[in-house]
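This report describes the fold, packing and some local features of one protein chain. The sequence and the structure come next.

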Amino acid sequence: MYLKSKDLLGLKDLSADEIEFILETAKTMKLILTTKNKKTPHLQGKSIVTLFYENSTRTRLSFELASKYMSASSANISASVSSVAKGESLIDTGKTIDAMGTDVIVLRHPLSGAPHLLAKHVKASVINAGDGMNEHPTQALLDMFTIKEAKGDIKGLRVAIIGDIYHSRVARSNIWGLTKLGAEVCVAGPSTLLPPGIEKTGVKVFNTIQEALIDTDVIIGLRIQLERQKKGLFPTIREYARFFGLDEKRLVLAKKDALVLHPGPVNRGVELTSSVIDCDRSLINEQVTNGVAVRMALLYLLTRRRSNEDIN
Ligand code: CP
C-alpha cells in the first residue's frame, strides 16, 4: 500500500485505511525507537528540511530526531533567521529549498492553507506541521497512536476534547481522524471558543466540562492559545480554569480507566492541574515519545512513495 498523495496536508484528505496504515507503520518505528541502537538506513540518501515560521519544541525536534534516527540529511530553517526576514515569500523560499534536492519539507506556518500553497509549487513532499487554525495532522496521528496503543482500538470510544476548540488545529485534525476511525467525539468549551456549526462535523457539543466528561474513555485537554486570542473571548485565565480546567474531582466523572492527553505545551493549573498532568492516567509523556515514531513513519512512507516511479 502507498499513501495516495505526495504530501501530508491534513487528516480531512486521508482515508481511514491510510490513517490505519500510518499507525501500523508507526508501530514498527516505535520498536526501532525503543531499542538501544536507534540508527536505521530507511532514509539513507534522502534530505529533510524543517521550515518553521512559528515556535515549536515537540514537533520540530521530533521531526529532526526522526530524520537523524533514519539516516537522512536534515536541516532546519527558522523564519526569524532566514531570508524570510528580508521579505522572501513562502513560495520563493520553498522553491529555493526544492532546488537543493530536498525530498521532504516540513512546514509550520501561522496562516491556514500555507502548506497547501507550498505543495503546489515544489517537487518535494510537504508535511503540514501545523497551519494557523486549520490542521495539525501529525499531532492528531500521534494522539490516535497513543489512544490505540493504550486501548487497543479507537472504534466505539468516547473522546472528549476540552477547551479552546475555535483556535485549535489539534482539535480539527483529531475530529477528522477520530471520527473516520469510528470514535464518538464530544467537544466542550466556553461558547465563545466553540466554532459556529461545529456540530456539522459529527461531534457532540457541550457547554460544560462536566457534561462532556460523563462516560468518557479519553480526555484531550487543549492549550489556551493566548497568541491567537482576540480580547474578550473569556473573562480571565482564572475564570477559564475554574469552569473548564480538569482537576482530580472532575476526572472522577469520566470512566475509571479514562486516559488524559494534551498536545503540549501545557499551561499548568489552567487546562490541567499539576496532579492531573502527573497522574498515572496521563499519557502526555507517551504522546511525546509516540510523536517521534509517527513522524518516522510519515517520513518513511512519503519518501518510499517518491522513490516508486510508478506512482510519481
Ligand atoms: N504540540 C505541539 O505542536 O507542540 P510544539 O508547538 O512544541 O511543536
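## Loops, backbone outliers and cores

D215 sits in the loop that joins α7 (209-213) to β8 (218-221). Its phi is near 60°, a positive value for a residue that is not glycine. The model is a predicted one, and the angles and distances in this report are computed from it.

S71 is a further case of positive phi outside glycine, with a value of about 70°. This serine belongs to the loop between α2 (58-69) and β2 (73-78). As background, most residues other than glycine have a negative phi, and most peptide bonds are trans. The second part of that statement bears on the bond from G264 to P265, which is cis, with omega near -10°. P265 is placed in the loop between β9 (259-261) and α10 (274-277).

**Overall fold**

The protein chain contains eleven helices and nine strands. Its radius of gyration is 19 Å, close to the 20 Å that the globule rule gives for 312 residues, so the chain is as compact as a globular protein of that length. The C-alpha trace spans about 55 × 45 × 35 Å along its principal axes. Of the 312 residues, 55% are buried. Among contacts with a separation of 6 or more, 74% are made by residues 24 or more positions apart.

The exposed area of the chain is about 13,800 Å², and carbon and sulfur atoms supply 54% of that area. The chain carries 42 positive and 34 negative charges, and the mean positions of the two sets are 3 Å apart.

**Nonpolar cores**

The largest nonpolar core has 61 residues. Those with the most contacts inside this core are I127, L141, M144, I161, L178, M296 and L299. Helix α11 (residues 284-307) gives the most to this core, with nine residues. Another core, of 25 residues, lies apart from the largest one and includes I162, F244, L246 and A258.

What does I161 touch beyond four places in sequence? The partners of I161 are A171, N174, I175, V185, C186, V187, A188, I220 and L222.

**Four loop residues**

V81, T102, A124 and S282 can be taken in turn. V81 is in the loop between β2 and α3 (90-99). With a relative accessibility of 71%, V81 is exposed, because the cut-off for that class is over 50%.

T102 occupies the loop between α3 and β3 (104-109). Its relative accessible area is 7%, and T102 is therefore buried, since that class is under 20%. Leaving out residues up to four places away in sequence, T102 touches S47, V49, I97, A124 and R306.

A124, one of those partners of T102, is in the loop between α4 (114-121) and β4 (125-131). Is A124 buried or exposed? Its relative accessibility is 0%, so A124 counts as buried. Beyond four places in sequence, A124 is in contact with K6, D7, D98, T102, D103, V104, I105 and R306. R306 thus appears in the contact lists of both T102 and A124.

S282 is found in the loop between α10 and α11. At 10% relative accessibility, S282 is counted as buried. Its contacts, leaving aside neighbours within four places in sequence, are V260, V276 and I277.

Each of the four residues is paired below with another position of the chain, with the separation along the sequence and the C-alpha to C-alpha distance.

| Pair | Separation in sequence | C-alpha to C-alpha distance |
|---|---|---|
| V81 and T57 | 24 residues | 17 Å |
| T102 and A160 | 58 residues | 39 Å |
| A124 and V203 | 79 residues | 35 Å |
| S282 and H262 | 20 residues | 8.6 Å |

Methods:
Residues numbered from 1 in each chain as written. Predicted model: local features only at pLDDT ≥ 70, side-chain atom pairs only at ≥ 80, totals over all residues. Heavy atoms only, no water. Helix = DSSP H or I, 4+ residues; strand = E, 2+ residues; numbered from the N terminus. Rg over C-alpha atoms; globule rule 2.2 N^0.38 Å. Buried < 20%, exposed > 50% of the residue type's maximum accessible area, 1.4 Å probe, protein only. Contact = heavy atoms within 4.5 Å. Areas by Shrake-Rupley, 256 points an atom, 1.4 Å probe, with all protein chains shown as cover. Lys, Arg positive; Asp, Glu negative; His and termini not counted. Charge placed at Lys NZ, Arg CZ, Asp CG, Glu CD. Core = buried A, V, L, I, M, F, W, Y, C linked by side-chain atoms within 4.5 Å.
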